[in-house]
Number of protein chains: 2
Amino acid sequence: MNKLSQKELLQQFKPIFYPESIAVVGVSQDMQKVGYGWVKGLVDAGFSGSIYPVNPRGGELLGLKIYPSLAAIPETVDYVVVLIPRNAVPDLLNDCAAKKVKAVHFFTAGFGEIGDATGHRLEEELKEKARQGGFRIIGPNCIGAYCPKSKIPYGPLAARPLSALGESGSVGFITQSGGIGGKLIEIGIARGIKYSKGISFGNGIDLDTVDFLKYMAADPEISVIGAYLEGTKDGHRLFSTMREVAKVKPLIVWKAGRTEVGAAAAKSHTGSLASSALIWSAALKQASVVEAYSLEELADTLLIFQQLQRWQGKGVAIVGGLADGGGGISVSGGDTCSELGLSIPPLSESTRQQLSSLLGQVGSILHNPVDVSQGGGRPLILEQAFKLILADPVTHLLIVQEDTGILMMQMPWEDIEAINNSFIDLMATQDKPIVIVLPSGAAEMERLQIEHKLTQASIPVFPTMERAAKAIMNLRQYSRFQATIRG
Amino acid sequence: MNKLSQKELLQQFKPIFYPESIAVVGVSQDMQKVGYGWVKGLVDAGFSGSIYPVNPRGGELLGLKIYPSLAAIPETVDYVVVLIPRNAVPDLLNDCAAKKVKAVHFFTAGFGEIGDATGHRLEEELKEKARQGGFRIIGPNCIGAYCPKSKIPYGPLAARPLSALGESGSVGFITQSGGIGGKLIEIGIARGIKYSKGISFGNGIDLDTVDFLKYMAADPEISVIGAYLEGTKDGHRLFSTMREVAKVKPLIVWKAGRTEVGAAAAKSHTGSLASSALIWSAALKQASVVEAYSLEELADTLLIFQQLQRWQGKGVAIVGGLADGGGGISVSGGDTCSELGLSIPPLSESTRQQLSSLLGQVGSILHNPVDVSQGGGRPLILEQAFKLILADPVTHLLIVQEDTGILMMQMPWEDIEAINNSFIDLMATQDKPIVIVLPSGAAEMERLQIEHKLTQASIPVFPTMERAAKAIMNLRQYSRFQATIRG
């Protein structure tokens, strides 16, 4: 691919993320089949372009005419979803060329990732036909494009939808694994990560990581990019692209297949070849790419970048013990954050004195971490303490560990609501970000209620101090990369 | 403390965990006060011994006579809970001596942990009076003893109880932080960790880690011990005790205050002095103690030891993709488990062939990890696959990642139930342990329902592959320690 201007790039990928028409080849009237679910997904999501179901048997599906072939569709087709078996694919591609479609996405699997001769031969044939026909290929062996704004859901609508479309936002993701993409969307719905676009490209025989990275870097709707990668066919090209992308916006990469066991699985999964985890890590760092090491860390980091993108602070204040039992949380929270590299500066003397007057001295840890147990769970006292800590010049960000189970034992629900409202108020009335750690326990219904409330108010919520600290540290690392790039 | 026989040790700690009578000094008729909650907790839990509330004002509490002083109680008192302020404590101890009580527990804080002269002086006075009076001290600044079997709850019953007593089991815990103990119990209730006894001993001026370790090692009701420690006054004594304990039963220690920040907080919290994290880690290893690095890891490890205690296997099989999207899970799950040191041997050729016939070749990863996505979520096919994998001689333990959100999108609830029932059946009909990874997402209600069902069936459930793998690795490490000890 030659160097394209931003405008050309956006134009090139428009038929993929903003197509005017989609043909689904291999539809079915059987509600259990993917060929039904795919069309149903587009219809239910409210895709506003044309949807053309295709099956030689013809008929009707969800009020839409089923065309016997791609050629039979009277209008132009931007994007083709291919659900038919691998052996029927080459013929279809002749139709795609004739029809002058822009992009063909293969949900169909059974190509290079199997490792048999037929699979590899078919992949070569696909590539050749795409070149000749002037269209691009996504896949094979993948879910394809996802774009809440254009109402394109992630894959087929299943028997029981989990509002699979999600809200539109500013996060982009690129994944070699369809399942990981689905999980990212699911976590996003639960935790408030809002995606602009996502792409699952499986074996990536034509459009691959590099192409989608360039596009997402150019796309003004995307502010941060996350990627799940299992390998690459051209490391040099990938890393030079990453370096360029990371200059423009934050890029977080989770490279799987790091171990022998993982790499063997990756080969069967997307046909990716392994390379040393250490080499990848070093190259990512050199390219100013933030590395994540698990699905949780990738999601946590995307959440933090989405919510705190412009944060360039350093000092973190930690608070525990909203109701009681904040001592151990303070000690261990201080450990976790320090060990992961966060700066936990002691609060200034005057803040400590004010906290001591407010909370009392006995049983209190007031340097930072701060144990507010002595506040006895009184919402007004706690809010006062949060304000004092946030107002201290050494504090650039506040992490509060809130233990639903302990709160539920110590105070009425109204007080718990009041405490959480104070976080929401503080977000609105001052500039320093607030991050809440809300661990699991024996009061999960209430915990979910609080998580939902805070998430709705754009406060990032994490299940453990460790995960919050890692995500914040990844944001700090990005600031450092940026400082280096700027010289 | 001299070397005591097991019988003597059990006898010595009987008044603490199995007291015949408990006096609560500093009770209150105000339901908001801890002096009300403590008595209410014992009454509601069904403590079968005598409960003697004490307050100079007299009166009645929950149908119990309030005695004006300890001396006024007509019967003997085994265990005294002290809730009065620190300055009133020395006088009370004279009464304890006169009354010949066996153990005095100080919920009261404000001693050595504050760092003022009065606090230190009072601690010395307490120790002296205990020596003279022939009783032992627990605390100060702690929650004291917890024993579901003798119906002693962990601290006061709060406004809204979360069935704080928990079920009786075989896990013992020792903690310097009251809050951490409460959190361990809460997690235990949610995830099926059942405690025999727990002790929060705060500053530990008399009975401390060493004493409780010796007792729990001797106690036949305890099969595994977990400890949260912030420091020790006598490292040599602590580590030689740990070494002895670890010969008898597994000991898992989470040492907090590892960093400068954490250590400073620990000093304010329980008056513990810091020492190098590296020295601790090395000493724990030398003593054959399994080290945990967070609350989550401590709880996860206790759960694994409780459920799989006799497991001494090596090979772990990983399965993902019950409904779909198991490729990324297989690659990353393989990475995570390998990186943490678990052995993931390839399944034998015949198992792979059988899996291939059962599931089909296209899109399947069958070496180990195994992606069963091609099973299409059909419960009978999946059960067959689990059976084949479990029957393979290289498999000693099976980890299955089950994604509730994905299952909910792909299949009816009856099928999800059937799949989980097959795990429960397999636990009953063969010997190899099964561990389930059940990540959070957008179907939390259903996830909790599945977690509860599996937990009830004694199947350990973890929220992430990483946490499952770490806990299993800790169990493997213990087997290795044991092999070394045995020569």
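These are my notebook entries on a predicted model of two chains, A and B.

**Entry 1: the A–B contact**

I started with where the chains touch. Chain A puts 74 residues into the contact, and chain B puts in 74 residues too. I then went through the helices on the chain A side: α5 (178–191), α8 (260–270), α10 (295–308), α11 (326–339), α14 (404–410) and α16 (444–456) each supply at least two residues. Which helix gives the most to this side? It is α11(A), with 12 residues. I also sorted the chain A side by class and got 31 nonpolar, 30 polar and 13 charged residues.

**Entry 2: symmetry**

Next I looked up how the copies are related. A turn of 180 degrees with a shift of 0.0 Å along the axis lays chain A on chain B, at an RMSD of 0.0 Å. I wrote that down as the relation of a two-fold axis. Which residue of chain A comes closest to the rotation axis? I found Met445(A), with its C-alpha at 4.0 Å. I also checked which surface each copy uses: 100% of the interface residues of chain A are interface residues in chain B as well, so the copies meet through the same surface.

**Entry 3: the sheet in chain A**

I moved on to strands. Chain A has an open sheet of five strands with parallel pairing, in the order β15-β14-β16-β17-β18. Its edges are β15 (370–371) and β18 (461–462); each has a single partner strand, so one side of each is left without a neighbour in the sheet. I followed the β18(A) edge inward: two bridges join it to β17 (residues 434–437) of chain A, and the two strands run parallel. Ile436(A) has Val461(A) in β18(A) as its bridge partner.

**Entry 4: the sheet in chain B**

I repeated the search in chain B. There I found an open sheet of five strands, ordered β15-β14-β16-β17-β18, again with parallel pairing. The edge strands are β15 (370–371) and β18 (461–462) of chain B, each pairing on one side only. This time I picked β14 (residues 316–320) and β16 (residues 397–401) of chain B, which run parallel and are joined by four bridges. One partnership I noted is Val316(B) with Leu397(B) in β16(B). I also looked at what covers these strands: helix α11 (residues 326–339) of chain B lies across β14, β15 and β16 of chain B, running at about 155 degrees to β14(B).

**Entry 5: α3 and α4 of chain B**

Then I turned to helix pairs. α3 (residues 89–99) and α4 (residues 117–133) of chain B pack with axes 9 Å apart, at an angle of about 10 degrees. That is under 35 degrees, so I called α3(B) and α4(B) roughly parallel. From α3(B) I listed Val89(B), Pro90(B), Leu93(B), Cys96(B) and Ala97(B); they meet α4(B) residues including Leu122(B), Glu125(B), Leu126(B) and Lys129(B). The contact divides into seven nonpolar, two polar and two charged residues.

**Entry 6: α6 and α7 of chain B**

The last pair was α6 (residues 209–218) and α7 (residues 235–248) of chain B. Their axes are 10 Å apart, at an angle of about 15 degrees, and α6(B) and α7(B) are therefore roughly parallel. Left-handed or right-handed crossing? α6(B) passes α7(B) in a left-handed one. Among the α6(B) residues in the contact are Val210(B), Leu213(B) and Ala217(B), and α7(B) brings residues including Leu238(B), Met242(B) and Val245(B). By class, I have seven nonpolar, two polar and two charged residues for α6(B) with α7(B).

Note on methods:
Residues are numbered from 1 along each chain as its sequence is written. Chains are lettered from A and ligands numbered from 1 in the order in which they are written. This is a predicted model: local features need pLDDT of at least 70, side-chain atom pairs count only at pLDDT 80 or more; totals for chains, interfaces and linings use all residues. Two residues are in contact if their C-beta atoms, placed from the backbone, lie within 7 Å. Ala, Val, Leu, Ile, Met, Phe, Trp, Tyr, Cys and Pro count as nonpolar, Asp, Glu, Lys and Arg as charged, and the others, Gly among them, as polar. Copies are superposed by least squares on the C-alpha atoms of residues with pLDDT of at least 70 in both. Axes are lines fitted to C-alpha atoms, for helices over the stretch in contact, and angles run from 0 to 180 degrees between N-to-C directions. Angles under 35 degrees count as roughly parallel, over 145 as roughly antiparallel, 65 to 115 as roughly perpendicular and the rest as oblique. A crossing is left-handed if the near helix is turned anticlockwise from the far one by less than a right angle, and right-handed if clockwise. Two strands pair if DSSP finds at least two bridges between them.
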